[in-house]
Amino acid sequence: MAWVQLVALLALFEYMGFGAAVGNARTRHGIKAPAITGNEIFERYFRVQQNTLELLVVFLPVLAIAATCWNPVWVAAIGAVYLVGRMVYFRAYVRDPRQRSLGYGLSIVPVILLALGATIGVVRTLLGV
């Protein structure tokens, strides 16, 4: 279970790092709070952070639930793919948002797999299978 916990912590640290990148971009491009528009590059950083938050809210619970139903090492490995996907997404989106597809795929597929695995695991438990 420690591997799953590590992946969860790394996901949170990654998100905090994206937040720091948004802050740096805000300063670098002269976007004063609370504004979130005004410079396309800043807006790319901001969108990555927001897109990551949208997935993180699903990723963390399904990671935890799946880990109670299946081998935690495998669950953590699937979660690690999510972490890599988010970094690929971050780099691609900031460079050119049209190039974000690979990172998105490497992020959403693990979330879907974990959600399906968690659902199947919980249903199996409820049915006593």
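This passage describes the nonpolar cores, aromatic pairs, polar contacts and salt bridges of a predicted model.

The largest nonpolar core contains 20 residues. Within this core, the residues with the most contacts are Phe59, Leu63, Val75, Tyr82 and Leu114. Four helices, H1, H2, H3 and H4 (101-127), each give two or more residues to the core. H2 provides the largest share, with seven residues. Val75 illustrates the packing. Beyond its neighbours within four places in sequence, Val75 is in contact with Val4, Leu63, Ala66, Ala67, Trp70 and Leu114. Two of these partners, Leu63 and Leu114, are also listed with Val75 among the residues with the most contacts inside the core. A second core is separate and has 13 residues. Its members include Ala21, Ala25, Phe42 and Tyr89.

Aromatic pairs were examined next. The count comes to five. In one of them, Phe18 and Phe90 are stacked. Their ring centres are 4.7 Å apart, and the angle between the planes is 0°. The pair links distant parts of the chain, since Phe18 belongs to helix H1 (residues 2-28) and Phe90 to helix H3 (residues 72-95). The two residues are 72 residues apart. Both Phe18 and Phe90 are buried. Phe59 and Tyr82 form another stacked pair, at 3.9 Å centre to centre and with 10° between the planes. This pair also links distant parts of the chain, with Phe59 in helix H2 and Tyr82 in helix H3. Here the separation is 23 residues. Phe59 is buried, as is Tyr82. Both residues of this pair are also among those with the most contacts inside the largest nonpolar core.

Phe90 deserves a further look. This residue lies in helix H3. Its relative accessible area is 15%, so Phe90 counts as buried, a class that requires a value under 20%. Leaving out residues up to four places away in sequence, Phe90 touches Phe18, Ala21, Tyr45 and Val48. Phe18 and Tyr45 join Phe90 in one aromatic cluster. Ala21 is included in the second core. Val48 is 42 residues from Phe90 in sequence, yet the two C-alpha atoms are 5.9 Å apart in space.

Asn51 provides a polar link. The residue is found in helix H2 (residues 40-69). Asn51 has a relative accessible area of 14% and is therefore buried. Its side chain is joined to that of Tyr89 by a polar contact of 2.5 Å. Not counting residues up to four places away in sequence, Asn51 touches Arg86, Tyr89 and Tyr93. Two of these partners also interact with each other: Arg86 lies over the face of Tyr89, at 4.2 Å from the ring centre. Tyr89 thus has three roles in this account, because this residue is included in the second nonpolar core, makes the polar contact with Asn51 and has Arg86 over its ring face.

The structure holds three salt bridges. The first to be described joins Arg44 to Glu40, with the closest N and O atoms 2.6 Å apart. Both residues lie in helix H2. They are four residues apart, about one turn of the helix. Their surroundings differ in exposure. Arg44 has a relative accessible area of 13% and is buried, whereas Glu40 is exposed at 52%. The cut-offs explain these labels, because buried means under 20% and exposed means over 50%.

Glu54 and Arg47 form another salt bridge. Here the closest N and O atoms are 3.6 Å apart. Both partners are partly exposed. Glu54 has a relative accessible area of 47%, and Arg47 has one of 31%. The remaining bridge is between the side chains of Asp96 and Arg98, at 3.1 Å from N to O. Arg98 is exposed, with a relative accessible area of 67%.

Terms used: Residues are numbered from 1 along each chain as its sequence is written. This is a predicted model: local features need pLDDT of at least 70, side-chain atom pairs count only at pLDDT 80 or more; totals for chains, interfaces and linings use all residues. Side-chain values use heavy atoms; hydrogens and water are left out. Buried means under 20% relative accessible area, exposed over 50%, partly exposed in between (1.4 Å probe, protein chains only). A polar contact is a pair of N or O atoms within 3.5 Å; within protein, one must be able to donate a hydrogen and the other to accept it, and residues adjacent in sequence count only if both atoms are side-chain atoms. Contact means heavy atoms within 4.5 Å. Rings of Phe, Tyr and Trp (its six-membered ring) pair if their centres lie within 6.5 Å; planes under 30 degrees apart count as stacked, over 60 as edge-to-face and the rest as tilted. A charge sits over a ring if NZ of Lys or CZ of Arg is within 6 Å of the ring centre and within 35 degrees of the ring normal. A nonpolar core is a set of buried Ala, Val, Leu, Ile, Met, Phe, Trp, Tyr and Cys residues joined through side-chain atoms within 4.5 Å. A salt bridge is a side-chain nitrogen of Lys or Arg within 4 Å of a carboxyl oxygen of Asp or Glu.
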